[in-house]
Amino acid sequence: MNSSDIKGVQKHVATIIDGAAVAARLHSDLKRAVENLAERGLTPGLAVVLVGNDPASSVYVRNKVRRSVEAGFRSFHHELPSTTGEKDLLCLIDRLNAADDVDGILVQLPLPAHIDAQKVTAAIDPKKDVDGFHPINVGKLSLGDSASVPCTPLGCMLLIREARSRLAGLNAVIVGRSNIVGKPLAQLLLRENCTVTIAHSKTEDLPSVCRRADILVAAVGQLELVRGEWIKPGATVIDVGINRVERDGRRKLVGDVDFASASAIAGALTPVPGGVGPMTIACLLRNTIEAACRRHGVASPIES
Ligand code: NAD
């Protein structure tokens, strides 16, 4: 937490949680972990599958492949046309499930409308499900068992820990109840003994609910929904939202939190871009290393 002095008036400015820096640290730790495993004869393998040519998905997949190669992984990249049938995609998943050099399988979502994404997710071997979306891994997470944890919520937890060393007893409010962010993040915060509230589009008086939060996470997809006056002074605010807008004639990424008003109230805050976004790929690589170690019965070199 900082204060800036403008004409003698002390103005509070939140500490910025630098996700890009935390992710860079994690990438170099992961690279060392891969080198350590290579000395023991194990090179993690990640297969990334893209169906169709959605521009945002293509960028995400390209970055995931690039980062996995940089980390020293075996990388398998499958780009299929948007006309690919569900049966053909399921056949590819079967082949990747059986491939010994593939430790992690990621099917980039969303899939074209004619393919049942739930069916595809459930077809991935849970041991290779590095996205943590398979029903078995979802169930294990809610039981508190060790499981592959979805990458974005895992990244959020690592950023929250940057700002808060003790989480037990804190009020955490998550705005957004999706299966990929809101719900798994609630499980992770519960595991840390937070008192967790999930708010959503039907929540009444959302500003009051948010004002109770010591930890406030916005995972909505609504441009600058959360404003400074919704935030408890000193709260840790994690902005998961990615909204593409045009401002001053330039295309920009903007979050679900109004950064200017929030930074005058929050204790710590993630920016967009440069907050949660960079953590997601780092956590995918981390999950793949963990999956490789579990599959081959090797102790993980990653500190939890
Ligand atoms: P989603 O559309 O699946 O879910 C949005 C949630 O927000 C829903 O639960 C809905 O009830 C809630 N909601 C919608 N409008 C609301 C309102 N006015 N008030 C309160 N709640 C409201 O979205 P998602 O997949 O969880 O993604 C959320 C955002 O996070 C999106 O902007 C997405 O692009 C971004 N995202 C970022 C990353 C990353 O790596 N940084 C990863 C995943 C998602």
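Begin with the open sheet of six strands, whose order is β3-β13-β10-β9-β7-β8 and whose pairing is parallel. If you colour β3 (15-16) and β8, you will have marked the edges of this sheet, where each strand has a single partner, so one side of each is left without a neighbour in the sheet. Keep in mind throughout that this is a predicted model.

Next, select residues 215-218 and 236-239, which are the strands β9 and β10; they pair in the parallel sense, and four bridges connect them. Within that pairing, Ile215 has Thr236 of β10 as its bridge partner. With those strands still displayed, add residues 151-163, which form helix α6: this helix packs on the sheet and touches β9, β10 and β13, while its direction makes about 155 degrees with that of β10.

Now turn to the other sheet of the tour, which is open, has three strands in the order β5-β4-β6, and shows parallel pairing. Its edge strands, each of which pairs on one side only, are β5 (74-80) and β6 (104-107). On average, and with direction ignored, neighbouring strands of this sheet are turned by 15 degrees against each other.

Select residues 45-51 to see β4, which pairs with β6 in the parallel sense over four bridges. For one residue pair to label here, take Val49, whose bridge partner in β6 is Val107. Then add residues 55-70, helix α2, which lies across β4, β5 and β6 and runs at about 165 degrees to β4. Residues 86-98, helix α3, also lie across β4, β5 and β6, and the angle between this helix and β4 is about 175 degrees.

The ligand is the next stop, and a selection of its surroundings should bring up 21 residues, the closest being Arg177, Ser178, His200, Ile242 and Thr280. By class, this shell divides into 10 nonpolar residues, 10 polar residues and one charged residue. Which helix gives the most to the shell around the ligand? Select residues 276-296 and you will have helix α10, which contributes three residues.

To examine individual atom pairs, begin with Thr280, where a polar side-chain atom lies 2.8 Å from an oxygen atom of the ligand. The protein backbone is represented as well: a polar backbone atom of Ile242 is 3.0 Å from an oxygen atom of the ligand, and for a polar backbone atom of Val240 the distance to an oxygen atom of the ligand is 3.5 Å. Taken alone, the ligand exposes 860 Å², of which the protein buries 71%.

The remaining stops concern backbone geometry. Select Leu109 and Pro110, which are joined by a cis peptide bond with omega at about 0 degrees; Pro110 belongs to the loop between β6 and α4 (117-123), so named here for orientation once β6 (104-107) is on screen. Then move to Val272 and Pro273, where the peptide bond is cis and omega is near 0 degrees. Pro273 sits in the loop between β13 (268-269) and α10, and helix α10 is residues 276-296.

Finish at Asp205, which has a positive phi of about 50 degrees although it is not a glycine. Asp205 is found in the loop that runs between β8 (195-199) and α8 (206-211), and β8 is one of the edge strands of the six-stranded sheet.

Note on methods: Residues numbered from 1 in each chain as written. Predicted model: local features only at pLDDT ≥ 70, side-chain atom pairs only at ≥ 80, totals over all residues. Heavy atoms only, no water. Pairing = 2+ DSSP bridges. Helix = DSSP H or I, 4+ residues; strand = E, 2+ residues; numbered from the N terminus. Axes fitted to C-alpha atoms, helices over the stretch in contact; angles between N-to-C directions. Contact = heavy atoms within 4.5 Å. Near = heavy atom within 4 Å. Polar contact = N/O pair within 3.5 Å; in protein donor to acceptor, adjacent residues only side chain to side chain. Areas by Shrake-Rupley, 256 points an atom, 1.4 Å probe, with all protein chains shown as cover. Nonpolar A, V, L, I, M, F, W, Y, C, P; charged D, E, K, R; others polar.
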